[in-house]
Amino acid sequence: MGILKDDPRWGTEDLYICYDFEEVMYRWSYIDRKQYQKFYNGPNNQEQEVPYNQRLFTDAIMYGEEITKEEYEQGKLKSE
């Protein structure tokens, strides 16, 4: 379903997004106003900062699902 860009929570809390299609997760830090990504598996599963206009992040906002902090920290969904 995605998260709407005009959702007021962008300015009040950290948001966690899973984009299954690319097996990637994102964390939006409202304090830093930065986004971080990590992939489910493999050598790139460490969190790293990404630019605000990264295409994959934009796709995740539009088509991904909101997840919990715990799911993000585990690096996979509970259903896996």
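Strands β1 (15–19) and β2 (24–29) run antiparallel and are joined by five bridges, where strands are DSSP runs of E with at least two residues, helices are runs of H or I with at least four residues, and both are numbered from the N terminus; two strands are taken to pair if DSSP finds at least two bridges between them. The model is predicted, with local features requiring pLDDT of at least 70 and side-chain atom pairs pLDDT 80 or more, whereas totals for chains, interfaces and linings use all residues. Residues are numbered from 1 along each chain as its sequence is written, and side-chain values use heavy atoms, without hydrogens and water.

The two strands form a hairpin with four residues between them, and E23 in this turn has a positive phi of about 55°. β1 also pairs with β5 (residues 65–66), in the antiparallel sense and over two bridges.

| Residue of β1 | Bridge partner | Strand of partner |
|---|---|---|
| L15 | W28 | β2 |
| I17 | E66 | β5 |

In a regular strand the side chains alternate between the two faces of the sheet. In β1 both faces are covered, since L15, I17 and Y19 on one side and Y16 and C18 on the other are all buried, that is, under 20% relative accessible area with a 1.4 Å probe and protein chains only, exposed being over 50% and partly exposed in between.

Helix α1 (residues 55–63) has L56, F57, D59, A60 and I61 as its buried residues, and these pack against β1, β2 and β3 (34–39), contact meaning heavy atoms within 4.5 Å. F39, found in strand β3, counts as partly exposed because its relative accessibility is 22%. The C-alpha atoms of F39 and V24 are 4.2 Å apart in space, although the two are 15 residues apart in sequence.
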